[in-house]
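Thanks for making the time this morning. I would like to walk you through one structure, moving from ring pairs to charged pairs and then to the two chains as wholes.

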Amino acid sequence: MAAPAESSSFLGLGPGSRDPATVRRRSRGPRNRKKGWKRWAGPEARLGREIGDFLEDVVLQQRATGGLIAEQPDEGLFFVDTGNAEKDRQLNKGKEKPLHVDLVLQPDSKVPAPKNILAHQIPNGRKEKRRRQFWEKQAEKGVLPRAERRLRARLRRGGVPPEKAPEKGRSDPERGFYDIWAADNPLERALAGQDGWFLQQTKKQRVKRPARLRTKPSQVPAVEVIAAGGSYNPTFEDHQALLLQAHEVEVRKKRAEDKVEKQLKIPAGAELPTAETVFQEQCEGLLEESGDEEDGEQPAPPEDTPKTAPRREKKTEQQRRREKEARALATRRRREKAARCRRQELFRLRSLRLQVKRWEAELLRRRQARLAKRRAKDALPRRLGRLKYEDPSMEVQLSEELAESLRTLKPEGSVLRDRFKSLQKRNLIEPRERAKFKRRYRLKYVEKRAFREVTL
Amino acid sequence: MGGLEKKKYERGSATNYITRNRARKKLQLSLPDFRRLCILKGIYPHEPKHKKKVNKGSTAARTFYLLKDIKFLLHEPIVNKFREYKVFVRKLRKAYGKSEWSTVDRLKDNKPSYKLDHIVKERYPTFVDALRDLDDALSMCFLFSTFPRTGKCHVQTIQLCRRLAVEFLNYVIASRSLRKVFLSIKGIYYQAEVLGQPVTWITPYTFAHDHPTDVDYRVMATFTEFYTTLLGFVNFRLYHSLNLLYPPKIDGQADVELKPAEGKDYAMDSESYLEKLSALSASLARVVAPTHEDEVEMDEFPVEGETAEQMDTRKKEQEALEKHKKLFEGLRFFLNREVPREPLAFVIRSFGGQVSWDKSLCIGATYDVSDPSITHQIVDRPRVEQQVVGRYYLQPQWVFDSVNAKLCLPVADYFPGVLLPPHLSPFVTEQEGDYVPPEKLKLLAMQRGENPDEESEEEDGEEEEEDDDNEKEEEEEEDESEKEEEMKLKKMEEQKTQSDKALPVKVTAGKLRLEDRQRLEQEQQSEEKRLAIMMMKKREKYLYKKIMFGKKRKVREANKLAAKRKAHDTALKEEKKKSKKARRA
């Protein structure tokens, strides 16, 4: 029953209930938040606001009527309308009303605008005047200010010097060059004749380039001229030779492709999986129990008795002794034989020498083979990164593609690619594949209102 | 026993190498910056011998650098510039984001930039070092200068490449140092001899590119950035070695000729200068005006340990070279508009010829089609209407073939509409016993002056020697029998009598004796060789036979190829005949 009572405006019956009229309006919220710190909360704030409003009102009245309205006499505020509206209209018919725009733009303030003092007064006027007078006096003596002197000197030197546009860096097409290999080139002129130790310590001298960098990373020439068959008008044989080469490359490629194809193909005996076999495969483990039950009828696998190693009889003392003796005898014999052989080798010196020679020759051969292998590897492009270098496809024109004359020639391949591949081949840059563009988020399709697709 | 435990991977090759990522972190650079730095400084990755050791037991394929190289990179002032640039980009992006345009302008004005001059000096301490590495620089500059200016790379780079390439071409023309040209299906290969160093480069044909996508343009641009700096300095030095002004100025008279009529129609004033230079038709201004009487023959000092014969051959080579340089001197060419202008103008001019083209085709045309003094007109059409009497109409291949053959080839094979002889590669040098295509044989013969028309021009001695060489080659092809030496002797004697009869009587007595001595020496040598074979040990003889067998096999293969060729030729001929007949019928 308490709930309807509270919802109505009647006095509540609870212990903490108060008269709603007497309840002070709670100051804004808790003071532990920034929101509650507002300065103009409380009775003093109310007073302040009232004063503010009052003052504003006073200013407004002053602006509008030139004083407080309350202090004005009645005559100033009111008048008795004795006129006739009809008559007025007739009287004012000829006069043009000022435009509303003009009215709006007219200043409605009774306070006069402040005067612009600077319009009548020069800043630092006295100082400037004094300076002018000073320089006039100096000019009579023949002394001129510095700027003036410099200008005159420039005039005397011969006109205005042509202002050279500063170079825009290394790729400016108008940039100038100089003799960089001369004894006194501008590059080293600044440091010429200074103490080497001083330059080194003050880090003004450039670090010497290590001699190791002078060797090129590959012996391949920078510009490899295409084979004679690549002429725009080749001889028959050269063209055939080039075609053969290109053909071999293609065959190799084809073979590699075929190999992959073959490996991917289903072997001849195998059958394609049907839906049934796929299903069976999927429930391979699940159906096992039932299968087991069926198989339960079969006899259990034959129990295999664990095989143990055949136990040996214990050796007798005699046996042990004999074995020991036999062992000793064998060792002795071996040793004797070795000694005999060694003695005999004295007489085999010649053949031994031959053997050694042969062995050395073999070593030499191996070393040379190793060297040759390394040298052959040097000629090949190295593996410098994730990708291997791949030769560009050969530029070749088929017999029917060959041009009759220079005019009808259709160039094959691209010099740009050729240069790029050459750089890779010479180990100057590592072969790389183009970075793939990867979007982090999915694109959202938004139809702009301005360009909405027209659908009929 | 005792001491501290030796930890794995703390000594040896594991400490000599550093992975790319660690190197990058050590230098505090992003990967693109690191890559750029390595390219500019000429630091390349290494493949360690024992990868597993270096990789701390892992076998993953990684990119390794030598630790010492990276330590060397730490001293590079450009590294700081890279970091500054990174900060610059960040600031710029921020300013853009806030739309503070004044800040953007200020930042752009103070954009940090660096120069590569000191790296060029560091990597190429001498001028010759730079020349040896010029192949790459030239190829790259020529390639980039043909790129369209459409944002694949900076337009400024393309302009700079074009300027440097044109400057180099002008140097080659001025110094007459071009040696070989080869028109391949890929591009045009040139070889020049610059201060004794052979320099080879490739230029693409000036058709539209299809830009390959599997090429890292940033890497290529970085290489080009370095190579442009290098080529600029090399150009400067080369121009000064010839007393030419650098940046190149067109010679005064030619300039006056060019200026009034043209210039404005073609390009803006700022561009027309480069355009005129790239026309390759005007000669360059020199620091000191050349005086033609000044060309005194150099005194020759015999090099130690050089025999008279070597001196002689050297002298002859020198003479041949001089002759080659003046191949087109006195000839006036006119290029029709369908032939590639720049390569042809370059080649013709660098062998002393004069060249012009239609005025509307390009700036820098010096004479008109109607000029009666034109000796050769280069045409690439099946038929030419309105032929002018007094000049040859030739296909462009004639120019290139003549340069490679070192003589002006007979023009009959190169008339418009005629089936051209094959364009041989001048970069192929046949070994002894290799198959030589008949075209080349013909050319060699022509070089020796065996052609009845041109025979009397060549010097006798040279002819003799080269005859001998040729004879050897022929022999190799012909004889497969064991008694090679004897045959040679016999033939030589025959040749001797023959040549004595055939040659015009121009040989001095002294020279003849010298020839005799040589011959005697040769005879003796062959005799000694035969005896040596007889005295060989069994094993050595076996080896010798094997070698000889290999050589003979080569010869046999060459013969087989020749036979094939013959069959092919005859088949072609017959076909032609048939087609002709068919056409007639």
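Let me begin with a single side chain: Trp201(B) has a relative accessibility of 0%, and it therefore counts as buried. Please keep in mind throughout that what you are looking at is a predicted model.

Over all chains, a search of the whole structure turns up 29 aromatic pairs. In one of them Trp201(B) is partnered by Phe142(B), with ring centres 5.9 Å apart and planes at 15°, and because planes under 30 degrees apart count as stacked, this pair is a stacked one. The two partners come from distant parts of the chain, since Phe142(B) belongs to helix H10 (residues 134–145) of chain B while Trp201(B) belongs to strand S5 (residues 197–203) of chain B, 59 residues apart. Phe142(B), for its part, has 6% relative accessibility and so counts as buried.

A second pair is worth setting beside that one. Tyr171(B) and Tyr239(B) have their ring centres 6.5 Å apart and an angle of 45° between the planes, which makes the pair tilted. Tyr171(B) lies in helix H11 (residues 155–175) of chain B and Tyr239(B) in helix H12 (residues 217–241) of chain B, so this contact between rings ties together parts that are 68 residues apart in sequence. Both Tyr171(B) and Tyr239(B) are buried.

Which cluster do ring pairs build around these residues? Phe142(B), Trp201(B), Tyr171(B) and Tyr239(B) are among its members, and the cluster also takes in Phe168(B), Tyr190(B), Phe236(B), Tyr246(B) and Phe346(B).

Rings in chain B also meet charged groups. Arg332(B) places its charged end over the ring of Tyr367(B), at 4.1 Å from the ring centre. In another case Arg36(B) lies over the face of Phe82(B), and here the distance from the ring centre is 6.0 Å.

That brings me to the salt bridges, of which a search of the whole structure finds 44 over all chains. I will take one from chain B and then two from chain A.

Helix H11 of chain B, which we met through Tyr171(B), also holds Arg163(B) and Glu167(B), and because these are 4 residues apart in that helix, about one helical turn separates them. Their side chains form a salt bridge in which the closest N and O atoms are 2.9 Å apart. Are these two charged residues buried or exposed? Arg163(B) and Glu167(B) are both buried. Elsewhere, salt bridges with shared partners join residues of both chains into one network, made up of Glu395(A), Asp418(A), Arg419(A), Arg426(A), Asp136(B) and Lys186(B).

In chain A, Arg332(A) and Glu336(A) form a salt bridge whose closest N and O atoms are 4.0 Å apart. These residues are 4 apart in helix H13 (residues 317–345) of chain A, so they too are separated by about one helical turn. Arg332(A) is partly exposed, with a relative accessible area of 45%, and Glu336(A) is partly exposed with a value of 45% as well.

The other chain A example is the salt bridge between Arg386(A) and Glu433(A), at 3.0 Å from N to O. This pair links distant parts of the chain, for Arg386(A) sits in the loop between helix H14 (349–379) and helix H15 (415–425) of chain A, whereas Glu433(A) sits in the segment after H15, 47 residues apart. Arg386(A) has 55% relative accessibility and therefore counts as exposed, while Glu433(A), at 40%, is partly exposed.

One helix of chain A deserves a short check of its geometry. Helix H10 (residues 236–264) of chain A has 29 residues, which at 1.5 Å a residue should span 42 Å, and its end C-alpha atoms are indeed 42 Å apart, so the two values agree. Within H10(A), Glu237(A), His239(A), Leu242(A), Leu243(A) and Ala246(A) are buried, and their cover includes helix H22 (538–584) of chain B.

Let me finish with the chains as wholes. Chain A has 15 helices and 0 strands, and buried residues account for 15% of its 456 residues. Chain B has 22 helices and 9 strands, and buried residues account for 43% of its 585 residues. The accessible surface is about 42500 Å² for chain A, with 54% supplied by carbon and sulfur atoms, and about 33900 Å² for chain B, with 52% from those atoms.

Conventions. Residues are numbered from 1 along each chain as its sequence is written. Chains are lettered from A and ligands numbered from 1 in the order in which they are written. This is a predicted model: local features need pLDDT of at least 70, side-chain atom pairs count only at pLDDT 80 or more; totals for chains, interfaces and linings use all residues. Side-chain values use heavy atoms; hydrogens and water are left out. The expected span of a helix is 1.5 Å times one less than its number of residues. Buried means under 20% relative accessible area, exposed over 50%, partly exposed in between (1.4 Å probe, protein chains only). Contact means heavy atoms within 4.5 Å. Rings of Phe, Tyr and Trp (its six-membered ring) pair if their centres lie within 6.5 Å; planes under 30 degrees apart count as stacked, over 60 as edge-to-face and the rest as tilted. A charge sits over a ring if NZ of Lys or CZ of Arg is within 6 Å of the ring centre and within 35 degrees of the ring normal. Accessible areas come from the Shrake-Rupley method with a 1.4 Å probe; for residues, only the protein chains shown count as cover.
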